[in-house]
Amino acid sequence: MGVTAGPRPEEMDDLGVPEHPGSHEEFVADPYAHYRLLRTAGGSVQRAHSGGRLLVLGHRECAAALRDRRLRHPLERVNVGGDQFRRMVHPMFTPAAVAARRRRIDDEVARLLAGAPRGPAAFEVVEGLARPLTLAVIGDLLGLPEADRHRLAAAPSVLSGAIDPDRIDPAALELAGLFGELFEARRAEPADDLVSHMIRYVGGDHRPWAESLARGCHVLLRAGYDATAHAVGNLVLALGRHPGGRKFLGGHPDRIPAAVQEVLRYDPPVQIVGRVAAEALDIGGARVAAGETVLLVLAAANRDPEWLPAPDVLDVGRSEAELAGQLAFGGGGHFCLGAALARAQAAAVMSALCRGPVQLAGTSASAPVYRPGFPIRGLAELHVVLR
Ligand code: HEM
């Protein structure tokens, strides 16, 4: 989404902090305490305040709503991430295609950690690991030459915040120019990357498709970069606070894929997704009018005690089967296209920090700093100690 595949700016108001008695900072520091209070006071599906948006907090209700075709994704209007786009790019996201990238991901993690300070000096994870790793992976996937990648990093307004493929601003134009050059280069000389694949899919002359291809790349870039970088930050924080979990994973590498699902369940970067009701319907006994936006609080559903025992405990020993229903990647027809790729990056980081030559020894004394804004939850700064 992250989205990621997130809401459009005009819908952001609707996806703000669910009515909270304290400050924004208090909410961002621990949204889960608030979800818990809301659930205890008002149940799994509720209106946060009279006339407010419907909040869906329960796991069963969220999972059902994600699959309910009467509830539409806010971006369906422009059909980005729509069926045709999914079909076109899908081969690049299969587990086998992702497995083929794993070696390169592991190498990139090792390279970034090799230069990191060890011992008492703190290592800043967001700029030192999470962002450069995810940028390298998405750059590889799209087939962007190394020399051009700084042009992506120089477009922060495009890479964070809500996806808005229609917006025209200088950063978006810079990206459109970059993709235009890339399409020409890959048409002349195809390679094993997503842009070459798109061009093969649409046939020899990609020009009639240029705009929608560029939009697609833009969405993938946004979705693939921001949410994944935040997932890596949240994961390192969770591991930093759980020495027992690090030790367990150090001795049980086969449990890392399930542990990745567990940290994503526990602290997902995409906390809420919005849906618009195409017709009047009931959700968990609450009436929703046609045209109304409902908020599916994935992060609250992931901690629903009726779905999972002890949901507020991070337990890296949980099994994949137990965690199969976790909703950090959404569900239904808009299930995250990049889930396998995101999990591969998280697993590479987890494996390196629990078993590699440079290991995580804990978080440093300075408190983690969250980026402002919602519903994407991620760190602006995180200092850890490596050994
Ligand atoms: C841990 C990292 C990630 C998380 C937590 C995440 C989460 C999500 C969520 C919750 C959705 C569903 C949005 C909705 O239903 O409204 C979504 C959709 C999407 N994600 Fe991800 N995502 C991640 C990484 C990625 C990556 C690496 C890519 C691609 C390179 C990606 C591409 C997409 C796309 C294209 C969609 C739209 C799918 C559609 O609407 O059909 N995501 N993601």
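Which residue in β12 is the bridge partner of A122? In this predicted model, the bridge partner of A122 in β12 is V385. The pairing belongs to a set of 4 bridges that join strand β4, residues 119–124, to strand β12, residues 383–386, with the two strands running antiparallel. Strand β12 also pairs with strand β9, which spans residues 360–363; here 3 bridges are present, again in the antiparallel sense. V385 takes part in this second pairing as the bridge partner of G362. V385 of β12 is thus bridged to A122 and to G362.

As a whole, the protein contains 17 helices and 12 strands. Of its 387 residues, 45% are buried. Among contacts with a separation of 6 or more, 76% are between residues 24 or more positions apart.

The largest nonpolar core comprises 101 residues. Within this core, the residues with the most contacts are V56, L296, V297, L298 and M350. Helix α12, residues 210–240, supplies the largest share of the core, with 16 residues. The surroundings of L298 were examined further. When residues up to four places away in sequence are left out, L298 touches C62, P268, V270, Q271, I272, V273, L327, A328 and G330.

M350, listed above among the core residues with the most contacts, also belongs to a contact between two helices. Helix α14 covers residues 256–266 and helix α17 covers residues 339–355; their axes come within 9 Å and cross at roughly 110 degrees. Because angles of 65 to 115 degrees count as roughly perpendicular, α14 is roughly perpendicular to α17. On the α14 side, the contact is made by I256, P257, A259 and V260. On the α17 side, R343, A346, A347, M350 and S351 take part. By class, the residues of this contact are 7 nonpolar, 1 polar and 1 charged.

One loop residue has a backbone angle of note. Most residues other than glycine have a negative phi. The phi of A310, by contrast, is positive, near 45 degrees, in a residue other than glycine. A310 is placed in the loop between α15, residues 298–301, and α16, residues 320–323. Is A310 buried or exposed? A residue counts as exposed if 12 or fewer other C-beta atoms lie within 10 Å of its own. A310 has 10 other C-beta atoms within 10 Å and is therefore exposed.

How values were computed. Residues are numbered from 1 along each chain as its sequence is written. This is a predicted model: local features need pLDDT of at least 70, side-chain atom pairs count only at pLDDT 80 or more; totals for chains, interfaces and linings use all residues. A residue is buried if 20 or more other C-beta atoms lie within 10 Å of its own, exposed if 12 or fewer, and partly exposed in between; C-beta atoms are placed from the backbone. Two residues are in contact if their C-beta atoms, placed from the backbone, lie within 7 Å. Axes are lines fitted to C-alpha atoms, for helices over the stretch in contact, and angles run from 0 to 180 degrees between N-to-C directions. Angles under 35 degrees count as roughly parallel, over 145 as roughly antiparallel, 65 to 115 as roughly perpendicular and the rest as oblique. Ala, Val, Leu, Ile, Met, Phe, Trp, Tyr, Cys and Pro count as nonpolar, Asp, Glu, Lys and Arg as charged, and the others, Gly among them, as polar. A nonpolar core is a set of buried Ala, Val, Leu, Ile, Met, Phe, Trp, Tyr and Cys residues joined through C-beta atoms within 7 Å. Two strands pair if DSSP finds at least two bridges between them.
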